[in-house]
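Open the model in your viewer and keep the selection box ready. We will move from stop to stop, picking residues as we go.

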Amino acid sequence: MAEFILRRILQAMLVLFVMTVLVFFGIHVIGNPVDLFASSECTKACLDEIMVNLGLDRPVWQQYLIFLGNLAEGDLGRSFTHGVPAMSLIWERFPATLELAVAALVLALVIGLPLGFYAGLRPDSWISKAIMGLSMIGFSVPIFWIGLIMILTFSVKLGWLPAIGRGDLVTVFGVRVSFLTLDGLRHLAMPAFTLSLLMMSMVIRLTRAGLREVMTSDYIRFARANGVPEYRVLGWHAMKNLLIPIVTVLGMEFGGVIAFAVVTESIFSWPGVGKMLIDAISVLDRPLIVAYLIFVVTMFVLLNLVIDILYSLLDPRVRLGAGAA
Amino acid sequence: MAPVLSVRGLTTVFGSGTQELRALDGVDLTVHAGEIVALVGESGSGKSLTGFSINGLLPGVARVTGGSIRLGEVDLRTLSAREMRQVRGSRVGMIFQDPMMTLNPVLRVETQMRDALRAHSTLSRQEVRTRLIAALAEVGIAAPEQRLRAWPHELSGGMRQRVAIATALLHSPELIIADEPTTALDVTIQGQILALAQRLCRERGTALVWITHDLAVVAGIADRVSVMYAGRVVEEGPVDAVLDTPAHPYTRGLIDSVAASQPKGARLPMIPGRMPLLSDLPQGCAFAARCPRRSPLCETTRPEPHPTGAGQTVRCHHPLTEPAGAVA
Amino acid sequence: MIIAERPSRLRAFTRAFFNSPTAAIALCVFVAMSLAAIFAHLIAPQDPYDLRSVSILDNLLPPGEVSFGGMTYWMGTDGQGRDMLSAMLFGLRISLIVGLASGVIALAFGTLIGLIAAFRGGWVDALLMRIVDLQLSLPTILVALILLVILGRGIDKIIIALVVVQWAYFARTVRGVALVENARDYVDAARGLRLPPLRILFFHILPNCLPTLLVVATIQMAQAISLEATLSFLGLGLPPTRPSLGLLIANGFDYLQSGRWWISVLPGVVLLVLVVSINVVGDRLREVLNPHLRG
Ligand SMILES: Nc1ncnc2c1ncn2[C@@H]1O[C@H](COP(=O)(O)OP(=O)(O)OP(=O)(O)O)[C@@H](O)[C@H]1O
Ligand code: SF4
Ligand SMILES: [Mg+2]
């Protein structure tokens, strides 16, 4: 088990290293950020000064080494445009993204599980067919388009929900969140729903397929043959088997949700890291772009570790297998 | 004495309308308290389906369309889904073929047994534990306290089947349906499980329906035997009579194929040909295509069950033994 | 013998496919849209790129409005007075080109890598599959975003980005099927006949990969079109001079708040219909070609 975890960690660090190299050198191929800071009457000397200030006068490989050294200390450089450490900007904005992503995850489960369950129990009813049709659409449609239609419907036409921002915030344990105020919830509703659609479709499909398989299994028949009440058979005996693939897939997708938040945040002007990234890209704020990417990749790697642990908690067979290996 | 289970003319179909397939057609089955009745027949003959029809756990596409299933005084077919749930586990228990698949892989033994126990009784946590430990001890499981905390995959196949049996017996049901519970086990374990089932059934006076492929098992455990073919019971009677003087050509074929094939208790049919598909059952006797005694009558007219001199009931126009009442 | 069997197999497949009315309709819709895109220059009422035919005075007209010149804008006009119907037809063409081109290149490249992995085995296989795993574990949008930041805008750039995010799916699929097929009897038989390896590859193994590849390719194409639209919407994909559907939607986004919905919504509907119909076709293909995957 310890060896397994160690291997996973080493693997993860390798992935991180490769990513830093790719990202760092990739970003350095493009555009010259000095131009951004230079006013039109800036002389050569003033340009050089900016270069030195930004550390751009050194060779790229030196910049990378410095970057790597700083990275080890958790310092991902200063944003060109904001003039503050990139990491602090990310930490400042990340709670908003996390809140959005978690809300989307919760919505996907709360709506997707019952719908998938229904479709799995009565696969031939027209309601189930409608559910599956909707999940197909949820899979296919680009989420920015859904967001757009929602804004048009609920903000422009009906005027029920605000189209931009986070609304009133409350500070809980030092983190500012939206979901505890009514105004915040109204702001959260559309972006979270939009972001959750893809996951929701996935949950519906996984639940349906999983349930249909589980329901024909001998252990469900056995539980029923013992007179175990139906709510218990479905709600626990079947559910626990279903949750294994769902947790795995959702865990793997959660990183993707954070990445896709880029789109949602842009549409709804949600002040998270995704919107920050798009803004940084438009002004070529390299340290910020690099910091965002490193941050997201790191989160990915950590997430995968967490899923493995969760997975082994849910499925005792895995735990034993790992212990024996 | 009135039988515990009395099934008459049970008919079960798959699908509906023009695509309706008769998987069971007029099955009769009678089991008394403390009696073991074996149900044999080759794969697809409808043995499991008979079991699921009785305890109301048919797959969604199948339904019972005819006959009666009396358990003691009640006809199970008249019960609502809720009443049926109360019967399952408390009055009718079921054990399945593959102990690997019978226990839920992601729930501890204790959880599964506790749910079965709580399905028909309200007990405190402590009482539940005591009962479960006693139940495991009774089926010969050593260190039952620890086994309760185990996950199914930590147990051997034989141990799992014991757990399944203990679970099915928790409420001392009057009837147990065992669907090939030893097929997936190796021979020594098979013997142990057979002996265990036999002992418990005799001690408690439980009626037991034992579904199997294996005539050796039938000879070893059962009092009576019903032979099924293509959804019908083709021969029924006391084990000794049926095995010594089979009346139906199909039964004869089964016995010969076991005698011929070497490793004892090998899988059934060595009879040439295959069982007809449900979708194209012949008009007359379903066995006609494979039967050495076939006559033109067999191809046009379905044989109805009638008694033989040796106490069997047989569905055949030309049985191998003299019909009852015939002058020898 | 196998060749004699082909036509009947194809017919059986076609019949099975059209057994689902939904799939049949989806396929017709897709074909119709492709034709409309191919002949966009013939059927479009206006050349939206030709500034002389566009009149700024006609800007922001709702659907059905008639212009000064007497032309009816059935789908309205955008902020520069372009006929939306024409813009959408040309946008559809670009979206399809991007989806198809990236799909075909990714298919070719991925198939090559998958076959190399399957036949080389050993460390080559291990290394290639590691790369595939890494590629698949990163969210597509993120990878595409980074690439476009590095590469800049342009139709070739976006195709490159899409190929990079898609090839791994094909590689993994082909490798899986090839390994299975390679172990089959008929391949052994072909080897026994001392057929050259390339012949075995092209006549025995690849044809058996085709059904699965077709399914993956269909679904990947829908993904690619959708992803291109998303990236263009974020301002990262195509140059504004030749707008795809995604860019049209993005251009209309600014007008949405003021209630001029058609500029954004109409291209969105076209995109939706396109992607959904491709996905329905893909789903049906999977059901017909691979019964094991039926959900
Ligand atoms: N879901 C189903 N749909 C249609 N027919 C089915 C279905 N399940 C079972 N059958 C048919 O019902 C018949 C009886 O099946 P059953 O499982 O009772 O056979 P069995 O005697 O228990 O066989 P085995 O020894 O293999 O367990 C078979 O002909 C089978 O093909
Ligand atoms: S009825 Fe005829 S065909 Fe059927 S088993 Fe008897 S002899 Fe054979
Ligand atoms: Mg069976």
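Which residue of S12(B) does Glu235(B) stand opposite? Select Glu235(B) and look across: Val314(B) stands opposite.

Before the next click, some ground rules. This is a predicted model, in which local features need pLDDT of at least 70, side-chain atom pairs count only at pLDDT 80 or more, and totals for chains, interfaces and linings use all residues. Residues are numbered from 1 along each chain as its sequence is written, chains are lettered from A and ligands numbered from 1 in the order in which they are written, and side-chain values use heavy atoms, with hydrogens and water left out.

**Stop 1: strand S10 of chain B**

Select residues 232-238 of chain B. This is strand S10. Helices (H or I, at least four residues) and strands (E, at least two) are DSSP runs, numbered from the N terminus. Six of the seven residues in S10(B) are buried. Buried means under 20% relative accessible area, exposed means over 50%, and partly exposed lies in between (1.4 Å probe, protein chains only).

Now add residues 224-229 of chain B, strand S9. S9(B) and S10(B) pair in the antiparallel sense over six bridges. Two strands count as paired if DSSP finds at least two bridges between them. Click Arg224(B): its bridge partner in S10(B) is Pro238(B). The two strands form a hairpin with two residues between them. In the turn, pick Ala230(B), which has a positive phi of about 50°.

Add residues 313-314 of chain B, strand S12. Two bridges join S12(B) to S10(B), and the strands run antiparallel.

**Stop 2: an open sheet in chain B**

Stay in chain B. Four strands form an open sheet here, in the order S2-S1-S4-S5, with antiparallel pairing. Its edge strands are S2 (21-31) and S5 (74-75), and each pairs on one side only. As you look along a strand, keep a rule in mind: in a regular strand the side chains alternate between the two faces of the sheet.

Select residues 5-14 of chain B, strand S1. Eight bridges join S1(B) to S4(B), and the two run antiparallel. Pick Val13(B) to find Arg63(B) of S4(B) opposite.

Next, select residues 62-71 of chain B, strand S4. Two bridges join S4(B) to S5(B), again antiparallel. Arg70(B) has Asp75(B) as its bridge partner, and Leu71(B) has Val74(B). S4(B) and S5(B) form a hairpin with two residues between them. Pick Gly72(B) in the turn: its phi is positive, about 60°.

**Stop 3: aromatic pairs**

How many aromatic pairs does the structure hold over all chains? There are ten. Rings of Phe, Tyr and Trp (its six-membered ring) pair if their centres lie within 6.5 Å; planes under 30 degrees apart count as stacked, over 60 as edge-to-face and the rest as tilted.

Select Trp91(A) and Phe94(A). They form an edge-to-face pair, 6.4 Å centre to centre, with 85° between the planes. Both lie in helix H5 (residues 86-121) of chain A, three residues apart, about one turn of the helix. Trp91(A) counts as exposed because its relative accessibility is 52%. Phe94(A) is buried, with a relative accessible area of 9%.

Jump to Phe222(A) and Phe96(B), another edge-to-face pair: 6.1 Å centre to centre, 80° between the planes. This pair crosses between chains, from helix H9 (residues 218-225) of chain A to the loop between strand S6 (92-95) and helix H3 (99-102) of chain B. Phe222(A) counts as buried because its relative accessibility is 3%. Phe96(B) is also buried, at 2%.

Go back to Trp91(A) and Phe94(A), and add Phe295(A). Ring pairs link these three into a cluster.

**Stop 4: a charge over a ring**

Select Arg221(A) and Phe52(B). Arg221(A) lies over the face of Phe52(B), 3.8 Å from the ring centre. A charge sits over a ring if NZ of Lys or CZ of Arg is within 6 Å of the ring centre and within 35 degrees of the ring normal.

**Stop 5: chain C**

Finish by showing chain C. It has eleven helices and two strands. Buried residues make up 51% of its 295 residues.
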